[in-house]
Amino acid sequence: MPQPQLNLAQQLALCQQIASLVRAKLPISGELSRATKQASRSISESAQSVDERITQGQSLADAIAGDPSRDSRILAACIESGEKAGQLDKALESWTEMHLANAKSSRELRTAMLYPTILIAVTLLSLGYVAWRLIPEYRNTYALFSQDLPDWLEAIVQVREHVGPFMGILLLLAVLPLAFWYWKRRRLDRHGIPCDAVRRMRLQALTTELASHMLEAGMPLTELTLLCSRAAGVPPSEAQAAFGLLGRQSPIPGLAKETSLLLATLHCGLLTPQQTTRQLAAVAASLRQNAGLMASRQAHWVPMLVALVVGVLTILTYVFLIYLPWILLLRQISAPPSLSY
């Protein structure tokens with residue numbers, strides 16, 4: 001019978017508890033269930049399931065991240081690197097910190113999008129109301145002078161008669177830039193790395209910190225680069241080639257350029273393991289800080305982008321449906337009548 005897979009929320013809660021148990025030098029098996037008794041039913045049941053799997057002889061990585069999904073592969077690599085470096089608690093804390101920071105950035109972005117969403121709704125309602133009430137006045141004004149409607153006014157009347165599809169097109173144009181940005185943000189490149197700069201930098205900070213822990217524990221670069229590549233979400237086939245890229249002084253997919261450079265410098269013997277460990281820790285802290293700053297900028301400029309697009313659409317709609325028609329209407333009415341012989 002296949003074992004139930006843990007979702008991300010369950011994995012986060014269990015990893016936090018496991019990190020606390022490891023720091024307290026308590027066994028995971030048995031203690032994990034007791035530590036989560038006061039938690040929600042979902043977390044308590046998942047902890048009991050992980051306990052049972054460990055008791056049956058499964059490794060911690062297989063017990064908590066045994067499914068083939070990308071997130072679970074990253075977690076499994078973090079657990080394996082933490083166990084081999086003797087710093088499982090720090091590895092799990094780095095992994096949970098990355099996901100909690102990403103969740104916080106997403107909440108801040110959703111909050112920042114509240115104003116543009118209201119702006120889009122109010123703008124569409126106001127434009128629809130104006131088009132519905134004002135366009136018939138054009139026809140009535142021409143009727144006062146017993147004139148036929150010109151072609152441009154007939155086109156505008158058609159807009160009023162199909163105001164629903166017209167509002168739909170405006171809505172699509174307003175949200176299209178945001179939808180494209182969101183789609184690009186959620187994409188992964190050919191190496192399985194997030195295209196979103198914030199998530200990519202946080203993932204690079206995680207792998208750099210893991211490399212620092214493993215190097216401090218004296219792990220060989222062959223194993224270190226393999227686990228770091230796996231922790232970056234790179235497919236296993238590409239992760240196997242990571243050390244070869246290091247020997248050729250080429251960037252390792254998934255790792256920050258600074259991290260690859262430091263590991264290549266260590267491989268060439270230009271830095272000692274102690275110096276490289278300190279530099280890797282500094283790079284990880286810098287990447288994490290820059291990711292936070294970039295997330296704050298996103299929460300500001302994305303709503304501004306939506307507001308700018310809505311403003312442009314509003315101006316164009318008012319110009320072509322309201323101001324320009326009235327100007328043409330007044331010019332035609334005020335023109336002197338033609339003399340016929």
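**Stop 1: a small start inside**

About 40 Å³ of space lies in the second largest cavity, where our tour begins. The model in your viewer is predicted: local features need pLDDT of at least 70, side-chain atom pairs count only at pLDDT 80 or more, and totals for chains, interfaces and linings use all residues. Residue numbers run from 1 along each chain as its sequence is written, and side-chain values use heavy atoms, with hydrogens and water left out.

Select Leu-127, Val-130, Ala-131, Thr-317, Leu-321 and Ile-322, and you have the lining of the second largest cavity. Two elements, H7 and H15, each give two or more residues to this lining. (Helices are DSSP runs of H or I with at least four residues, numbered from the N terminus.) A cavity is a set of points on a 1 Å grid over the protein atoms alone where a 1.4 Å probe fits but cannot get out, and a lining residue has an atom within 4 Å of a point. Volumes are the space filled by probe spheres set on points that are joined across faces, edges and corners.

Which classes of residue line the second largest cavity? Five are nonpolar, one is polar and none is charged. (Ala, Val, Leu, Ile, Met, Phe, Trp, Tyr, Cys and Pro count as nonpolar; Asp, Glu, Lys and Arg as charged; the others, Gly among them, as polar.)

**Stop 2: the largest cavity**

The structure holds two cavities of 30 Å³ or more, and the largest has a volume of about 50 Å³. To see its lining, select Ile-120, Thr-123, Leu-124, Leu-127, Leu-170, Ala-174, Val-310 and Leu-313. Helix H7 (114-144), H9 and helix H15 (273-334) each supply two or more of the lining residues. The largest share, four residues, belongs to H7. Seven of the residues lining the largest cavity are nonpolar, one is polar and none is charged.

**Stop 3: the largest pocket**

Now look for open space. A pocket is an open set of points with protein on both sides within 12 Å along at least five of seven lines.

The largest pocket has a volume of about 410 Å³. Which residues should you select to find its centre? Of the 16 lining residues, Asp-71, His-99, Asn-102, Arg-186 and Arg-199 are the closest to it. Five helices give two or more residues each to the lining: H1 (8-23), H5 (70-85), H6 (88-112), H9 (163-186) and H10 (197-216). The largest share comes from H6, with four residues. Colour the lining by class and you will find eight nonpolar, two polar and six charged residues.

**Stop 4: the second largest pocket**

Select Ser-106, Leu-109, Arg-110, Met-113, Leu-178, Trp-181, Tyr-182, Arg-185, Arg-186, Arg-199 and Val-302 to light up the lining of the second largest pocket. H6 and H9 are the elements that give two or more residues to it. The volume here is about 190 Å³, and H9 provides the largest share of the lining, five residues. Six lining residues are nonpolar, one is polar and four are charged.

**Stop 5: H1 and its partners**

Two packed helices are described by the angle between their axes and the distance between the axes. (Axes are lines fitted to C-alpha atoms, for helices over the stretch in contact, and angles run from 0 to 180 degrees between N-to-C directions.)

Show H1 with H6: they pack at an angle of about 150°, their axes 9 Å apart. H1 is therefore roughly antiparallel to H6, the word used for angles over 145 degrees. Among the residues making the contact (heavy atoms within 4.5 Å) are Leu-12, Cys-15 and Ala-19 of H1 and Leu-92, Trp-95 and His-99 of H6. This contact has ten nonpolar, four polar and three charged residues.

Next, show H1 with helix H3 (residues 41-55), where the angle is about 70° and the axes are 10 Å apart. So H1 is roughly perpendicular to H3, a label covering 65 to 115 degrees. Ala-9, Gln-10, Ala-13 and Leu-14 of H1 meet Ser-42, Ile-43, Ser-46, Ala-47 and Val-50 of H3. By class, the contact has six nonpolar, three polar and no charged residues.

**Last stop: H10 and H11**

Select H10 and helix H11 (residues 221-231), whose axes come within 9 Å and cross at roughly 155°. The contact involves Leu-203, Leu-206, Thr-207, Leu-210, Ala-211, Met-214 and Leu-215 of H10, together with Leu-224, Leu-227, Cys-228 and Ala-231 of H11. Ten of these residues are nonpolar, one is polar and none is charged.

How values were computed: Angles under 35 degrees count as roughly parallel, over 145 as roughly antiparallel, 65 to 115 as roughly perpendicular and the rest as oblique.
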